[in-house]
Amino acid sequence: MGHFKYVYLGGGQGGGYAAAEFVKQGVKPGELGIVTADHYVSYERPTLSKGYLKAEGAPRLPGFHACVGGGGDKQTPDWYKEKGIEYLTGTKVESVDIKNKTLKVASGGEDITYDKLIIATGATNITLDSFGAKNAHLKGIHYLRNVDDADALVAYMKEAKQVSKKAVMVGGGYIGLEVTANLVQNGFEVSMVFPEDRLMAKMFNEEMAKFYEKYYENKGVTLIKGDTVTGFEGDGKVQTVELKSGKKLEASLVVVGVGAKPNTELFKGQLDLLEDKPGGVKVNSQLQTSNPDVYAVGDIAAFPLTLYGGKVTRQEHVVNARLSAAHAVKAIFGSKETYDYLPYFYSREFDLAWQFYGEPSEDYVLHGDLDSGKFGVYWIQDGKITGAYSESASDEQNAALKQVALKRPDAPSKDELKSMGYDFALKVPAGATASAAGKAVSGRASLRVTCGAPISRSYCTGAPRSTSHRLPSRPSAFSRTMHKPRMHVNAAVQAGHVMRLVTM
(Lines give C-alpha, C1' and ligand atoms only; values in the text may rest on other atoms or scores of the structure.)
Protein backbone atom coordinates (compact mmCIF):
# COMPACT_ATOMS: atom_id res chain seq x y z
CA MET A 1 0.00 0.00 0.00
CA GLY A 2 1.42 3.37 -1.05
CA HIS A 3 1.16 6.28 1.36
CA PHE A 4 1.44 10.03 0.79
CA LYS A 5 1.08 12.86 3.24
CA TYR A 6 -0.88 14.74 0.57
CA VAL A 7 -2.89 13.31 -2.32
CA TYR A 8 -4.38 15.33 -5.15
CA LEU A 9 -7.05 13.18 -6.80
CA GLY A 10 -7.87 14.12 -10.35
CA GLY A 11 -4.85 15.74 -12.00
CA GLY A 12 -6.69 17.79 -14.61
CA GLN A 13 -6.16 21.49 -15.08
CA GLY A 14 -5.58 22.29 -11.42
CA GLY A 15 -3.10 19.52 -10.64
CA GLY A 16 -0.15 21.50 -11.96
CA TYR A 17 -1.16 24.62 -10.07
CA ALA A 18 -1.62 22.67 -6.85
CA ALA A 19 1.81 21.08 -7.33
CA ALA A 20 3.41 24.49 -7.88
CA GLU A 21 1.84 25.80 -4.68
CA PHE A 22 2.91 22.70 -2.73
CA VAL A 23 6.48 23.33 -3.87
CA LYS A 24 6.18 26.98 -2.84
CA GLN A 25 4.94 25.86 0.60
CA GLY A 26 7.98 23.59 1.02
CA VAL A 27 6.56 20.12 0.40
CA LYS A 28 9.25 17.46 0.81
CA PRO A 29 10.12 14.83 -1.81
CA GLY A 30 7.79 11.84 -1.54
CA GLU A 31 5.08 13.68 0.40
CA LEU A 32 2.81 14.56 -2.55
CA GLY A 33 1.09 12.15 -4.92
CA ILE A 34 -1.12 13.24 -7.83
CA VAL A 35 -3.48 10.51 -9.01
CA THR A 36 -5.26 10.71 -12.36
CA ALA A 37 -6.79 8.43 -14.97
CA ASP A 38 -5.51 10.83 -17.63
CA HIS A 39 -2.45 9.73 -19.58
CA TYR A 40 -0.72 13.10 -19.31
CA VAL A 41 0.47 15.31 -16.50
CA SER A 42 -1.51 18.52 -15.99
CA TYR A 43 -2.08 20.69 -19.05
CA GLU A 44 -4.02 23.83 -20.01
CA ARG A 45 -7.49 22.55 -20.96
CA PRO A 46 -8.74 25.68 -22.79
CA THR A 47 -6.32 24.87 -25.60
CA LEU A 48 -8.43 21.86 -26.59
CA SER A 49 -11.41 23.82 -27.91
CA LYS A 50 -9.28 26.67 -29.21
CA GLY A 51 -5.83 26.29 -30.73
CA TYR A 52 -5.67 22.47 -30.68
CA LEU A 53 -8.29 22.16 -33.41
CA LYS A 54 -6.78 24.77 -35.72
CA ALA A 55 -6.26 23.86 -39.35
CA GLU A 56 -2.66 25.10 -39.23
CA GLY A 57 -0.10 25.73 -36.52
CA ALA A 58 -2.02 23.84 -33.84
CA PRO A 59 -0.18 23.44 -30.51
CA ARG A 60 0.61 20.03 -29.10
CA LEU A 61 2.01 18.74 -25.83
CA PRO A 62 4.41 19.36 -24.20
CA GLY A 63 3.87 22.95 -25.36
CA PHE A 64 0.90 23.70 -23.11
CA HIS A 65 1.54 21.80 -19.89
CA ALA A 66 0.55 23.72 -16.75
CA CYS A 67 1.45 26.30 -15.63
CA VAL A 68 2.25 28.17 -18.88
CA GLY A 69 -1.28 29.52 -19.21
CA GLY A 70 -1.01 31.18 -15.80
CA GLY A 71 2.42 32.67 -16.37
CA GLY A 72 4.37 29.94 -14.57
CA ASP A 73 6.76 27.15 -15.47
CA LYS A 74 6.02 24.53 -18.10
CA GLN A 75 5.71 21.52 -15.80
CA THR A 76 6.61 18.48 -17.87
CA PRO A 77 6.89 14.99 -16.31
CA ASP A 78 10.55 15.71 -15.55
CA TRP A 79 9.54 18.78 -13.52
CA TYR A 80 7.53 16.60 -11.12
CA LYS A 81 10.35 14.06 -10.84
CA GLU A 82 12.83 16.83 -10.01
CA LYS A 83 10.53 18.08 -7.24
CA GLY A 84 10.02 14.61 -5.77
CA ILE A 85 6.31 14.59 -6.69
CA GLU A 86 4.87 11.24 -7.76
CA TYR A 87 2.44 11.84 -10.63
CA LEU A 88 0.46 8.62 -11.15
CA THR A 89 -0.99 8.93 -14.66
CA GLY A 90 -3.29 6.25 -16.07
CA THR A 91 -4.41 5.38 -12.54
CA LYS A 92 -8.17 4.96 -12.14
CA VAL A 93 -9.57 5.06 -8.64
CA GLU A 94 -12.66 2.88 -8.30
CA SER A 95 -13.58 3.81 -4.72
CA VAL A 96 -12.63 6.21 -1.94
CA ASP A 97 -12.90 5.37 1.76
CA ILE A 98 -12.93 8.77 3.45
CA LYS A 99 -13.09 7.37 6.97
CA ASN A 100 -10.01 5.19 6.49
CA LYS A 101 -8.27 7.66 4.17
CA THR A 102 -7.82 5.11 1.42
CA LEU A 103 -8.11 5.19 -2.38
CA LYS A 104 -8.81 1.83 -3.98
CA VAL A 105 -7.14 1.63 -7.39
CA ALA A 106 -8.87 -0.27 -10.20
CA SER A 107 -7.50 -3.38 -11.93
CA GLY A 108 -5.71 -4.65 -8.87
CA GLY A 109 -3.49 -1.64 -8.43
CA GLU A 110 -1.92 -0.87 -5.06
CA ASP A 111 -4.22 1.03 -2.69
CA ILE A 112 -3.18 4.55 -1.78
CA THR A 113 -3.53 6.12 1.66
CA TYR A 114 -3.19 9.76 2.65
CA ASP A 115 -3.21 12.25 5.51
CA LYS A 116 -4.79 15.12 3.55
CA LEU A 117 -6.80 14.78 0.34
CA ILE A 118 -7.70 17.31 -2.35
CA ILE A 119 -10.41 16.02 -4.67
CA ALA A 120 -10.48 17.42 -8.19
CA THR A 121 -12.43 14.77 -10.05
CA GLY A 122 -13.97 17.39 -12.31
CA ALA A 123 -17.01 16.83 -14.46
CA THR A 124 -18.16 14.41 -17.15
CA ASN A 125 -19.76 15.35 -20.45
CA ILE A 126 -23.51 14.89 -20.61
CA THR A 127 -24.10 12.50 -23.50
CA LEU A 128 -27.02 12.44 -25.91
CA ASP A 129 -27.98 8.88 -25.03
CA SER A 130 -28.92 10.20 -21.58
CA PHE A 131 -31.68 12.12 -23.40
CA GLY A 132 -32.78 9.00 -25.25
CA ALA A 133 -31.18 9.81 -28.60
CA LYS A 134 -30.94 6.64 -30.69
CA ASN A 135 -27.68 5.40 -32.22
CA ALA A 136 -25.80 7.95 -30.13
CA HIS A 137 -22.61 5.88 -30.23
CA LEU A 138 -22.07 5.76 -33.97
CA LYS A 139 -18.56 6.48 -35.15
CA GLY A 140 -18.12 10.14 -35.96
CA ILE A 141 -19.99 11.47 -32.91
CA HIS A 142 -17.49 13.27 -30.69
CA TYR A 143 -17.26 14.93 -27.29
CA LEU A 144 -14.40 17.10 -26.06
CA ARG A 145 -12.96 16.80 -22.57
CA ASN A 146 -9.29 15.80 -22.77
CA VAL A 147 -6.33 15.42 -25.13
CA ASP A 148 -7.44 11.93 -26.18
CA ASP A 149 -10.84 13.35 -27.20
CA ALA A 150 -9.18 16.19 -29.10
CA ASP A 151 -6.80 13.83 -30.89
CA ALA A 152 -9.72 11.61 -31.92
CA LEU A 153 -11.64 14.62 -33.23
CA VAL A 154 -8.68 15.96 -35.20
CA ALA A 155 -8.08 12.55 -36.77
CA TYR A 156 -11.73 12.03 -37.65
CA MET A 157 -12.06 15.46 -39.26
CA LYS A 158 -9.71 14.24 -41.97
CA GLU A 159 -11.65 11.00 -42.40
CA ALA A 160 -15.02 12.75 -42.43
CA LYS A 161 -14.02 15.16 -45.19
CA GLN A 162 -13.45 12.20 -47.48
CA VAL A 163 -17.21 11.58 -47.26
CA SER A 164 -18.64 15.11 -47.05
CA LYS A 165 -17.92 18.48 -45.53
CA LYS A 166 -21.21 18.58 -43.64
CA ALA A 167 -20.86 18.77 -39.85
CA VAL A 168 -23.32 19.29 -37.00
CA MET A 169 -22.51 20.97 -33.69
CA VAL A 170 -25.02 20.01 -31.00
CA GLY A 171 -25.14 22.81 -28.44
CA GLY A 172 -25.15 26.58 -28.66
CA GLY A 173 -23.03 27.42 -25.64
CA TYR A 174 -19.40 28.11 -24.85
CA ILE A 175 -17.96 24.94 -26.39
CA GLY A 176 -20.39 25.12 -29.30
CA LEU A 177 -19.16 28.55 -30.34
CA GLU A 178 -15.48 27.66 -30.14
CA VAL A 179 -15.67 24.27 -31.80
CA THR A 180 -17.90 25.57 -34.58
CA ALA A 181 -15.37 28.30 -35.38
CA ASN A 182 -12.65 25.66 -35.65
CA LEU A 183 -14.76 23.37 -37.81
CA VAL A 184 -15.40 26.24 -40.21
CA GLN A 185 -11.66 26.96 -40.30
CA ASN A 186 -11.12 23.32 -41.19
CA GLY A 187 -13.41 23.61 -44.21
CA PHE A 188 -16.68 22.20 -42.84
CA GLU A 189 -20.17 23.48 -43.51
CA VAL A 190 -21.59 23.56 -39.99
CA SER A 191 -25.13 23.45 -38.64
CA MET A 192 -25.55 24.33 -34.97
CA VAL A 193 -28.52 22.75 -33.20
CA PHE A 194 -29.64 23.92 -29.77
CA PRO A 195 -32.92 24.03 -27.81
CA GLU A 196 -32.69 27.64 -26.64
CA ASP A 197 -34.04 30.64 -28.55
CA ARG A 198 -30.56 32.17 -28.95
CA LEU A 199 -26.85 31.43 -28.70
CA MET A 200 -25.29 31.44 -25.22
CA ALA A 201 -28.72 31.92 -23.69
CA LYS A 202 -27.43 31.77 -20.11
CA MET A 203 -25.25 34.83 -20.68
CA PHE A 204 -26.18 36.64 -23.89
CA ASN A 205 -29.23 38.87 -23.95
CA GLU A 206 -31.17 39.12 -27.21
CA GLU A 207 -29.17 42.07 -28.56
CA MET A 208 -25.83 40.39 -27.92
CA ALA A 209 -27.00 37.08 -29.34
CA LYS A 210 -28.18 38.71 -32.57
CA PHE A 211 -24.69 40.09 -33.18
CA TYR A 212 -22.99 36.70 -32.75
CA GLU A 213 -25.71 34.87 -34.68
CA LYS A 214 -25.32 37.22 -37.63
CA TYR A 215 -21.55 36.91 -37.44
CA TYR A 216 -21.67 33.10 -37.51
CA GLU A 217 -24.24 33.05 -40.29
CA ASN A 218 -21.96 35.30 -42.34
CA LYS A 219 -19.29 32.62 -41.87
CA GLY A 220 -21.63 30.08 -43.44
CA VAL A 221 -22.97 28.53 -40.24
CA THR A 222 -26.62 27.43 -40.18
CA LEU A 223 -28.30 28.06 -36.82
CA ILE A 224 -31.19 25.77 -35.88
CA LYS A 225 -32.75 27.16 -32.72
CA GLY A 226 -35.39 25.65 -30.48
CA ASP A 227 -34.74 22.11 -31.67
CA THR A 228 -33.10 18.99 -30.25
CA VAL A 229 -31.43 15.85 -31.54
CA THR A 230 -33.49 12.68 -31.22
CA GLY A 231 -31.21 10.26 -33.01
CA PHE A 232 -28.70 9.42 -35.70
CA GLU A 233 -28.60 7.27 -38.80
CA GLY A 234 -25.65 5.60 -40.46
CA ASP A 235 -24.06 2.30 -41.35
CA GLY A 236 -21.54 2.16 -38.50
CA LYS A 237 -20.67 5.81 -39.08
CA VAL A 238 -22.91 8.81 -38.62
CA GLN A 239 -24.51 10.03 -41.83
CA THR A 240 -27.70 11.76 -40.71
CA VAL A 241 -28.82 13.71 -37.65
CA GLU A 242 -32.52 13.47 -36.78
CA LEU A 243 -34.21 16.39 -35.00
CA LYS A 244 -37.35 16.59 -32.90
CA SER A 245 -38.88 18.93 -35.46
CA GLY A 246 -38.65 16.18 -38.08
CA LYS A 247 -35.71 17.71 -39.92
CA LYS A 248 -32.86 15.49 -41.03
CA LEU A 249 -29.36 16.91 -41.42
CA GLU A 250 -26.61 15.32 -43.47
CA ALA A 251 -23.44 15.01 -41.41
CA SER A 252 -20.20 13.06 -41.69
CA LEU A 253 -19.10 14.55 -38.35
CA VAL A 254 -20.97 15.49 -35.17
CA VAL A 255 -19.57 17.25 -32.11
CA VAL A 256 -21.65 17.43 -28.93
CA GLY A 257 -21.35 20.08 -26.23
CA VAL A 258 -24.49 20.10 -24.10
CA GLY A 259 -23.01 20.53 -20.64
CA ALA A 260 -21.35 18.45 -17.95
CA LYS A 261 -22.15 16.95 -14.56
CA PRO A 262 -19.81 16.88 -11.55
CA ASN A 263 -18.13 13.57 -10.76
CA THR A 264 -19.35 13.01 -7.20
CA GLU A 265 -20.11 9.27 -7.26
CA LEU A 266 -16.99 8.32 -5.29
CA PHE A 267 -18.07 10.46 -2.35
CA LYS A 268 -21.76 9.67 -1.92
CA GLY A 269 -22.67 9.01 1.70
CA GLN A 270 -19.24 10.24 2.85
CA LEU A 271 -19.20 13.99 2.14
CA ASP A 272 -21.91 16.65 1.94
CA LEU A 273 -23.10 16.70 -1.68
CA LEU A 274 -25.58 19.01 -3.36
CA GLU A 275 -28.14 16.96 -5.24
CA ASP A 276 -29.89 20.01 -6.66
CA LYS A 277 -28.28 22.87 -8.56
CA PRO A 278 -25.47 23.74 -8.60
CA GLY A 279 -24.52 20.17 -7.61
CA GLY A 280 -21.04 19.10 -6.58
CA VAL A 281 -19.26 18.68 -3.25
CA LYS A 282 -20.16 21.36 -0.73
CA VAL A 283 -17.17 23.24 0.71
CA ASN A 284 -16.62 26.25 2.95
CA SER A 285 -14.73 29.44 2.13
CA GLN A 286 -11.46 27.54 2.65
CA LEU A 287 -12.57 24.90 0.11
CA GLN A 288 -12.76 22.40 2.96
CA THR A 289 -15.44 19.69 2.76
CA SER A 290 -17.53 18.26 5.60
CA ASN A 291 -14.47 16.18 6.45
CA PRO A 292 -11.69 18.48 7.77
CA ASP A 293 -8.94 16.47 6.04
CA VAL A 294 -10.56 16.64 2.61
CA TYR A 295 -10.72 19.64 0.25
CA ALA A 296 -12.52 19.98 -3.09
CA VAL A 297 -11.50 22.23 -5.98
CA GLY A 298 -12.29 23.02 -9.59
CA ASP A 299 -15.48 21.90 -11.35
CA ILE A 300 -16.60 19.65 -8.49
CA ALA A 301 -16.46 22.23 -5.69
CA ALA A 302 -19.66 24.03 -4.65
CA PHE A 303 -18.34 27.04 -2.77
CA PRO A 304 -19.77 30.30 -1.38
CA LEU A 305 -19.36 33.39 -3.56
CA THR A 306 -18.41 35.96 -0.95
CA LEU A 307 -18.84 38.83 -3.40
CA TYR A 308 -22.47 37.81 -3.87
CA GLY A 309 -23.54 37.34 -0.27
CA GLY A 310 -22.37 33.75 0.11
CA LYS A 311 -24.39 32.37 -2.78
CA VAL A 312 -23.23 28.79 -3.39
CA THR A 313 -21.95 28.15 -6.90
CA ARG A 314 -19.90 25.81 -9.04
CA GLN A 315 -17.66 27.40 -11.63
CA GLU A 316 -16.63 25.21 -14.55
CA HIS A 317 -13.80 27.42 -15.72
CA VAL A 318 -10.04 27.28 -16.01
CA VAL A 319 -9.44 30.25 -13.72
CA ASN A 320 -11.40 28.66 -10.91
CA ALA A 321 -9.53 25.39 -11.46
CA ARG A 322 -6.19 27.17 -11.14
CA LEU A 323 -7.00 29.46 -8.24
CA SER A 324 -9.00 26.99 -6.17
CA ALA A 325 -6.27 24.33 -6.46
CA ALA A 326 -3.61 26.70 -5.17
CA HIS A 327 -5.94 28.11 -2.51
CA ALA A 328 -6.70 24.65 -1.06
CA VAL A 329 -2.98 23.93 -0.76
CA LYS A 330 -2.43 27.17 1.15
CA ALA A 331 -5.37 26.33 3.40
CA ILE A 332 -3.80 22.96 4.19
CA PHE A 333 -0.64 24.79 5.21
CA GLY A 334 -2.56 27.07 7.58
CA SER A 335 -3.84 30.02 5.56
CA LYS A 336 -7.15 31.40 6.84
CA GLU A 337 -7.79 33.50 3.77
CA THR A 338 -11.25 33.32 2.22
CA TYR A 339 -11.62 32.09 -1.34
CA ASP A 340 -13.18 35.23 -2.82
CA TYR A 341 -13.68 34.24 -6.44
CA LEU A 342 -14.85 36.62 -9.13
CA PRO A 343 -16.76 34.74 -11.87
CA TYR A 344 -14.97 35.17 -15.18
CA PHE A 345 -15.32 33.79 -18.69
CA TYR A 346 -13.57 34.54 -21.94
CA SER A 347 -13.53 33.22 -25.47
CA ARG A 348 -12.04 33.79 -28.88
CA GLU A 349 -13.75 32.73 -32.08
CA PHE A 350 -12.61 33.74 -35.56
CA ASP A 351 -11.37 37.32 -35.00
CA LEU A 352 -13.68 37.95 -32.05
CA ALA A 353 -12.48 38.18 -28.45
CA TRP A 354 -14.83 38.62 -25.52
CA GLN A 355 -14.48 38.75 -21.74
CA PHE A 356 -17.01 38.69 -18.95
CA TYR A 357 -16.74 39.43 -15.22
CA GLY A 358 -19.36 39.03 -12.50
CA GLU A 359 -22.93 37.83 -12.93
CA PRO A 360 -25.48 38.57 -15.65
CA SER A 361 -29.04 39.63 -14.88
CA GLU A 362 -32.21 40.52 -16.73
CA ASP A 363 -31.56 44.26 -16.41
CA TYR A 364 -28.71 45.50 -18.59
CA VAL A 365 -27.29 48.36 -20.62
CA LEU A 366 -25.57 47.72 -23.94
CA HIS A 367 -23.09 50.36 -25.13
CA GLY A 368 -20.89 50.79 -28.17
CA ASP A 369 -21.51 49.79 -31.76
CA LEU A 370 -22.89 46.35 -32.58
CA ASP A 371 -22.36 46.90 -36.31
CA SER A 372 -18.62 47.39 -35.86
CA GLY A 373 -18.32 44.52 -33.39
CA LYS A 374 -16.97 46.75 -30.64
CA PHE A 375 -19.43 46.89 -27.79
CA GLY A 376 -19.94 46.11 -24.13
CA VAL A 377 -22.65 45.34 -21.60
CA TYR A 378 -23.25 46.27 -17.97
CA TRP A 379 -25.65 44.16 -15.91
CA ILE A 380 -27.59 45.82 -13.09
CA GLN A 381 -29.12 44.34 -9.95
CA ASP A 382 -30.73 46.37 -7.16
CA GLY A 383 -29.26 49.59 -8.51
CA LYS A 384 -25.68 48.29 -8.67
CA ILE A 385 -23.57 47.06 -11.56
CA THR A 386 -22.84 43.39 -10.90
CA GLY A 387 -21.53 42.20 -14.27
CA ALA A 388 -19.54 43.60 -17.17
CA TYR A 389 -18.83 42.29 -20.67
CA SER A 390 -16.65 43.38 -23.56
CA GLU A 391 -16.25 42.44 -27.20
CA SER A 392 -12.99 43.50 -28.86
CA ALA A 393 -12.01 45.83 -26.00
CA SER A 394 -8.54 47.09 -25.14
CA ASP A 395 -6.43 45.78 -22.28
CA GLU A 396 -7.14 48.90 -20.23
CA GLN A 397 -10.88 48.60 -20.77
CA ASN A 398 -10.93 44.93 -19.76
CA ALA A 399 -8.91 45.66 -16.63
CA ALA A 400 -11.38 48.38 -15.73
CA LEU A 401 -14.35 46.06 -16.24
CA LYS A 402 -12.88 43.66 -13.71
CA GLN A 403 -12.80 46.45 -11.14
CA VAL A 404 -16.43 47.31 -11.86
CA ALA A 405 -17.47 43.69 -11.19
CA LEU A 406 -15.37 43.64 -8.01
CA LYS A 407 -16.59 46.96 -6.61
CA ARG A 408 -20.22 46.75 -7.77
CA PRO A 409 -20.67 50.53 -7.98
CA ASP A 410 -24.01 52.30 -7.97
CA ALA A 411 -25.38 52.48 -11.48
CA PRO A 412 -26.10 55.88 -13.00
CA SER A 413 -29.12 56.29 -15.25
CA LYS A 414 -29.25 53.91 -18.17
CA ASP A 415 -28.90 56.74 -20.64
CA GLU A 416 -25.79 58.00 -18.87
CA LEU A 417 -24.31 54.52 -18.64
CA LYS A 418 -24.94 53.89 -22.33
CA SER A 419 -23.39 57.22 -23.25
CA MET A 420 -20.29 56.73 -21.07
CA GLY A 421 -19.63 53.16 -22.11
CA TYR A 422 -16.13 52.07 -21.06
CA ASP A 423 -15.47 55.54 -19.62
CA PHE A 424 -17.70 54.58 -16.71
CA ALA A 425 -15.42 51.66 -15.85
CA LEU A 426 -12.25 53.67 -16.37
CA LYS A 427 -13.35 56.14 -13.69
CA VAL A 428 -13.97 53.51 -11.02
CA PRO A 429 -11.10 53.69 -8.48
CA ALA A 430 -9.36 50.35 -8.09
CA GLY A 431 -9.33 50.47 -4.31
CA ALA A 432 -12.67 52.13 -3.78
CA THR A 433 -15.77 50.83 -2.09
CA ALA A 434 -18.91 50.56 -4.17
CA SER A 435 -20.25 53.87 -2.88
CA ALA A 436 -16.96 55.65 -3.51
CA ALA A 437 -16.91 54.20 -7.01
CA GLY A 438 -20.28 55.74 -7.67
CA LYS A 439 -18.97 59.14 -6.58
CA ALA A 440 -15.97 58.78 -8.87
CA VAL A 441 -18.19 58.15 -11.85
CA SER A 442 -20.37 61.12 -11.01
CA GLY A 443 -17.30 63.34 -11.25
CA ARG A 444 -16.52 63.94 -7.57
CA ALA A 445 -13.45 61.74 -7.68
CA SER A 446 -11.34 60.20 -10.42
CA LEU A 447 -8.58 57.65 -10.49
CA ARG A 448 -7.30 55.63 -13.41
CA VAL A 449 -7.90 51.95 -12.76
CA THR A 450 -5.25 49.28 -12.46
CA CYS A 451 -5.99 45.61 -12.24
CA GLY A 452 -5.00 44.30 -8.85
CA ALA A 453 -3.61 41.00 -7.64
CA PRO A 454 -6.04 38.07 -7.54
CA ILE A 455 -8.78 38.54 -5.02
CA SER A 456 -8.10 35.02 -3.77
CA ARG A 457 -4.32 35.66 -3.78
CA SER A 458 -3.93 32.20 -5.31
CA TYR A 459 -1.31 32.15 -8.02
CA CYS A 460 1.07 29.80 -9.71
CA THR A 461 4.73 29.77 -8.81
CA GLY A 462 6.55 31.82 -11.39
CA ALA A 463 3.72 34.32 -11.84
CA PRO A 464 4.71 37.34 -9.76
CA ARG A 465 2.13 39.40 -7.97
CA SER A 466 1.38 42.63 -9.72
CA THR A 467 -0.47 45.81 -9.01
CA SER A 468 -1.32 46.11 -12.67
CA HIS A 469 -1.32 44.06 -15.83
CA ARG A 470 -1.25 44.71 -19.51
CA LEU A 471 -3.29 42.35 -21.64
CA PRO A 472 -2.11 42.97 -25.21
CA SER A 473 -4.85 44.70 -27.11
CA ARG A 474 -6.40 43.13 -30.15
CA PRO A 475 -5.71 43.40 -33.08
CA SER A 476 -2.03 44.08 -32.46
CA ALA A 477 -1.53 41.00 -30.29
CA PHE A 478 -4.14 38.80 -31.89
CA SER A 479 -3.62 38.04 -35.55
CA ARG A 480 -6.76 38.60 -37.54
CA THR A 481 -5.49 36.14 -40.13
CA MET A 482 -6.89 32.73 -39.37
CA HIS A 483 -4.06 30.91 -41.18
CA LYS A 484 -1.63 31.85 -38.42
CA PRO A 485 -1.72 30.82 -34.75
CA ARG A 486 -2.86 33.79 -32.71
CA MET A 487 -1.05 34.76 -29.57
CA HIS A 488 -3.25 33.57 -26.75
CA VAL A 489 -3.31 35.19 -23.34
CA ASN A 490 -5.00 32.68 -21.12
CA ALA A 491 -7.72 33.32 -18.61
CA ALA A 492 -5.44 34.08 -15.70
CA VAL A 493 -5.89 37.71 -16.71
CA GLN A 494 -8.77 37.44 -14.23
CA ALA A 495 -6.18 36.98 -11.53
CA GLY A 496 -4.24 40.10 -12.47
CA HIS A 497 -0.96 38.29 -13.09
CA VAL A 498 1.91 39.45 -15.25
CA MET A 499 1.38 37.14 -18.19
CA ARG A 500 3.67 35.20 -20.49
CA LEU A 501 2.39 34.83 -24.04
CA VAL A 502 2.01 31.29 -25.34
CA THR A 503 0.57 30.05 -28.61
CA MET A 504 -2.53 27.94 -28.04
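In this predicted model, three strands make up an open sheet in the order β12-β13-β14, with antiparallel pairing. The edges of the sheet are taken by β12 (229-233) and β14 (248-250), each of which has a single partner strand, so one side of each is left without a neighbour in the sheet. From one strand to the next, the twist averages 25°. Between β13 (residues 240-243) and β14, which run antiparallel, there are three bridges, and one pairing can be followed at the residue level, where E242 has K248 of β14 as its bridge partner.

Another antiparallel pairing is found between strand β4 (residues 93-97) and strand β5 (residues 102-105), which are joined by four bridges. Here D97 lies opposite T102 of β5, and the hairpin has four residues between its strands, with K101 adopting a positive phi near 50°.

The helix α7 (residues 395-407) offers a check on its own geometry: at 1.5 Å a residue its 13 residues should span 18 Å, and because its end C-alpha atoms are 19 Å apart, the expected and modelled spans agree. This helix is mostly covered, with ten of its 13 residues buried; among them are D395, N398 and K402, as well as A399, A400, L401 and V404. The cover over the buried residues of α7 includes the strands β22 (352-358), β24 (374-381) and β25 (384-391), together with α9 (422-426). After α7 comes R408, which has a positive phi near 50°.

Key
Residues numbered from 1 in each chain as written. Predicted model: local features only at pLDDT ≥ 70, side-chain atom pairs only at ≥ 80, totals over all residues. Heavy atoms only, no water. Helix = DSSP H or I, 4+ residues; strand = E, 2+ residues; numbered from the N terminus. Expected span 1.5 Å × (residues − 1). Buried < 20%, exposed > 50% of the residue type's maximum accessible area, 1.4 Å probe, protein only. Contact = heavy atoms within 4.5 Å. Pairing = 2+ DSSP bridges. Axes fitted to C-alpha atoms, helices over the stretch in contact; angles between N-to-C directions.
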